[in-house]
Amino acid sequence: MRPIGNNNTAPSVLKFGSIPHQVEVNTPTRPALFQAVRNRLRARDGFALATLNLDHLTKLPVDADFLAAYRAHDLVVADGRPVVWLAAMAKHKLELMPGSDMILPLCALCAEMSVPIALVGSSDAALEGAAAALKERVAGLSISYAHAPPYGFDPAGTQADAIFDALTASGAGLCFIALGAPKQEVFAARGRERAPTVGFASIGAGLDFLSGHQVRAPKIMRALALEWLWRALQSPMRMIPRYAKCFAILPGLMVQALRQR
């Protein structure tokens, strides 16, 4: 894991997962994250940002490529209240930083620094809507590249290489990736080598939320830690099996958290 720079905030490294498949949350707070990103953007030093949640923790032990990609990320933050609660059990303080919530603040930082951004993933219609929403809400934001890969896109294939070349040529300093896990994390990790001046942030359904192609849970449900229930009700066939796997690994994660006190 590469060293992380931040603003007078010492990195708090917390490990999640079984020993052979552990990953680290190494960026505990928003000030730490934004100072690290600012430093990287100023130096044109690329990076990869992942947002760890329980769904990722169910996939890491069974997907070697996903695990390797995660471990190649420079910045890993907590996405999902269970990760924050597990950290509290281990007597570590982590701020909740869902990828969807990071888009606008990161865009504001890029606009402030005159750094163009890029959008990769989702669909052409969603990208168009997200780009319009971002420009409306973030004054001075420049979007230099947007691309929706076709169905079956291989994040380690030749199509990905072409995107990395286009990203570099576009001058983008930060690329938001909306391909879903594990594709977006594999793409970001590969981008660290193929487009070393670009930062990559995996944000899942964030662009679909911005464009209105998906409806995010109301704020009250998010405040009550019930966003998972909203998503399960919106797409039960897809989400209920996912959440069942998440709940199944919680007891083991709780034991591990207690051991890290």
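This note covers the nonpolar cores, the pockets and the salt bridges of the structure above.

1. The model is a predicted one, in which local features need pLDDT of at least 70 and side-chain atom pairs count only at pLDDT 80 or more, while totals for chains, interfaces and linings use all residues. Residues are numbered from 1 along each chain as its sequence is written, and side-chain values use heavy atoms, with hydrogens and water left out.

2. The largest nonpolar core (buried Ala, Val, Leu, Ile, Met, Phe, Trp, Tyr and Cys residues joined through side-chain atoms within 4.5 Å) has 35 residues, and those with the most contacts inside it are L33, I117, L119, F176 and L207. The elements giving two or more residues to this core include helix 1 (30–43), strand 5 (117–121) and helix 9 (206–211), and helix 5 gives the most, with 7 residues; helices (H or I, at least four residues) and strands (E, at least two) are DSSP runs numbered from the N terminus.

3. Leaving aside neighbours within four places in sequence, L207 is in contact (heavy atoms within 4.5 Å) with I103, L119, A126, L127, A130 and A178. A second, separate core of 23 residues includes V23, V76, L94 and L253.

4. The largest pocket is lined by 45 residues, of which N53, D79, R231, R242 and Y243 lie nearest its centre, and helix 12 gives the most to this lining, with 7 residues. A pocket here is an open set of points on a 1 Å grid over the protein atoms alone, where a 1.4 Å probe fits, with protein on both sides within 12 Å along at least five of seven lines, and lining residues have an atom within 4 Å of a point.

5. Which side chains meet D55 in salt bridges (a side-chain nitrogen of Lys or Arg within 4 Å of a carboxyl oxygen of Asp or Glu)? K59 does so, with the closest N and O atoms 2.7 Å apart, and both residues lie in helix 2, 4 residues apart. R242 also does so, at 3.7 Å from N to O, and that pair links distant parts of the chain, D55 in helix 2 and R242 in helix 12, 187 residues apart.

6. D55 is buried (under 20% relative accessible area, 1.4 Å probe, protein chains only), with a relative accessible area of 11%, whereas R242 counts as partly exposed (from the buried limit up to 50%) at 23%.

7. A search of the whole structure finds 11 salt bridges, and R40, D45, D74 and R192 are linked in a network of them.
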